[in-house]
Each structure stands twice: as C-alpha cells, then as structure tokens.
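Me: I have a structure to go through. Please take my questions one by one and keep the replies short.

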Amino acid sequence: MKKLYMFLMIMMFLLSSRLYAQDTDIFSEADKWGPAGLTNVIDDNVKCIVVKGTYIVLKETISVDSGKRYILSGEFKSIGTPGALCYFGINCLDEAKKPIQARYINICTGTDTELIEPCNYSDKVLKVKNAENWVIGNNCCVAFNTDTEAKDLPNRDISRGWGISKIEQKGSYWEVTLKDSCGKELPTGFAGSDPISNHFY
C-alpha cells in the first residue's frame, strides 16, 4: 500500500489572527510552522500562534492511514480587520512527499484518446482521435500517458498552463485548443482531458 502524507496549510487574507491548538502539541508550537518569525502567546489560558502574514504552513508532514477516517478542525480568532477570510486545509503528498495537486487526480471520465499528430512545445492546438467527452474551461488541462483504469494517478504529465478554450470536430478527428502552449514534445499516443480545481496561489 502506498504511503500518503499531508501537511496543514492555512491561508488568511486581510487580517491578523490567532491560531489555537490544544489537542496536539506540534500544532501549538510556533517554530513548527512557516514562514519564520511566528510567535506564541497565551490567550484565555490557551497557547496559540499569532499570524500576521497571509499564510502559515506546518513544516512537518503527517503520515496518514488511507483506511482510516480523519477529522480536521481548528479554532481561529481575528485580531485585525473585521470580515476577513480564513482558509484552513491540507495538502496531500505521495509516498515521495511530492504534492498531489487537484489537476493530477481530478479526471474527466471517458476522455482517454490518442494524439493523431505529434505535438510540439509551443503548440496550442492538439489534434486527437476523439474529444467528444472533453471539457472546456479555464481550470482544465490535458494529461498525457493516461490509463483507462486510472492507475496512472497522480499523473503529473500534464499540459503547461491552464485552460481549454475550444473543442471542435474536424471530420475524422478533433481539435483541442489550449489557452497556453502545450509545453510538451510528444509523438502520437494517449492523452486525456483533466478538469482541475482552482488553487489559492
């Protein structure tokens, strides 16, 4: 079984805040989080971390068992601008501790097809055998060397940039137009359309 890891990431906009953590000591120590310069304070008899930047990330990874269920929770207190936003979540890592981004795993089913012509790094138009089930959108990309049973996931062999702007049938083949250059030098072979999610950065 492949090992999975995660690290906590908190992004805060337009505010200073205090992060509370009681259940696990590692979460309450400022030096366990980045970037550097975070400090601990005691507020309402609870050790917390003062955050004055836009984000903090736990420096250590946490090993997880894919057969178990986990609950992610946190306590936050704004000490800055009212009405500010706070995003609290995790980034998943593979067994090599490389990030698993949404675009590496969020597949659009039924889109495995073949390049009928080689593509070059600067190409924005790909010619494929069938793109009937492909998805147009700013958060879509192309994944190469895919597997119909999704055994390739996470697949990091994806097109450069973001967005598929047009999909057209041209008789016996389809044209997929990207918003950015493909970023690949590839012969004929498999390709797939992967809808991906927005990122905070």
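Me: Start with Glu117: how exposed does it count as?
Reply: This is a predicted model. The relative accessibility of Glu117 is 38%. Buried would need under 20%, and exposed over 50%. Glu117 therefore counts as partly exposed.

Me: Where is Glu117 found, and what distance separates its C-alpha atom from that of Lys127?
Reply: Glu117 is found in the loop between β10 (113-114) and β11. Along the chain, Glu117 and Lys127 are 10 residues apart. Their C-alpha atoms are separated by 6.1 Å.

Me: In what order do the three strands of the open sheet run?
Reply: The pairing in this sheet is antiparallel. Its edge strands are β11 (125-128) and β13 (164-170), and each of them pairs on one side only. Neighbouring strands are turned by 20 degrees against each other on average, direction ignored. The order is β11-β14-β13.

Me: Over how many bridges do β11 and β14 pair, and which residue of β14 does Val125 stand opposite?
Reply: β14 covers residues 173-178. It pairs with β11 in the antiparallel sense, over four bridges. Opposite Val125 in β14 stands Thr177.

Me: Which elements give two or more residues to the largest nonpolar core?
Reply: That core has 15 residues. Those with the most contacts inside it include Leu126, Trp134, Val142, Ile164 and Val176. The elements that give two or more residues are β11, β12 (140-144), β13 and β14.

Me: How many residues does the second, separate core have?
Reply: This core stands apart from the largest one. Among its members are Ala30, Ile49, Ile56 and Leu58. The count is seven residues.

Me: What is the volume of the largest cavity?
Reply: Rolling a probe the size of a water molecule over the atoms shows where empty space is left. A search of the whole structure finds one cavity of 30 Å³ or more. Its volume is about 30 Å³.

Me: Which element gives the most to the lining of the largest cavity?
Reply: Residues of the lining include Cys140, Cys141, Val142, Trp162 and Asp180. By class, the lining has six nonpolar, three polar and three charged residues. With three residues, the element that gives the most is β12.

Me: Which peptide bond is cis with omega near 5 degrees, and where is its proline?
Reply: The bond runs from Gly34 to Pro35. Pro35 has its place in the loop between β3 (33-34) and β4 (39-43).

Me: What is omega for the cis peptide bond that joins Leu153 and Pro154?
Reply: Pro154 is found in the loop between β12 and β13. The bond that joins Leu153 to Pro154 is cis. Omega is about -5 degrees.

Me: Asn145 has a positive phi although it is not a glycine. Is Asn145 buried or exposed?
Reply: Phi of Asn145 is about 55 degrees. The residue is found in the loop between β12 and β13. Its relative accessibility is 51%, and the cut-off for exposed is over 50%. So Asn145 counts as exposed.

Me: Ala150 also lies in the loop between β12 and β13. How exposed is Ala150?
Reply: Ala150 is not a glycine, yet its phi is positive, about 65 degrees. Its relative accessible area is 28%. That value falls between the cut-offs of 20% and 50%, so Ala150 is partly exposed.

Conventions. Residues numbered from 1 in each chain as written. Predicted model: local features only at pLDDT ≥ 70, side-chain atom pairs only at ≥ 80, totals over all residues. Heavy atoms only, no water. Pairing = 2+ DSSP bridges. Axes fitted to C-alpha atoms, helices over the stretch in contact; angles between N-to-C directions. Core = buried A, V, L, I, M, F, W, Y, C linked by side-chain atoms within 4.5 Å. Buried < 20%, exposed > 50% of the residue type's maximum accessible area, 1.4 Å probe, protein only. 1 Å grid on protein atoms, 1.4 Å probe; cavity = no way out; pocket = protein on both sides within 12 Å on 5 of 7 lines; lining within 4 Å. Points joined across faces, edges and corners; volume = space filled by probe spheres on them. Nonpolar A, V, L, I, M, F, W, Y, C, P; charged D, E, K, R; others polar.
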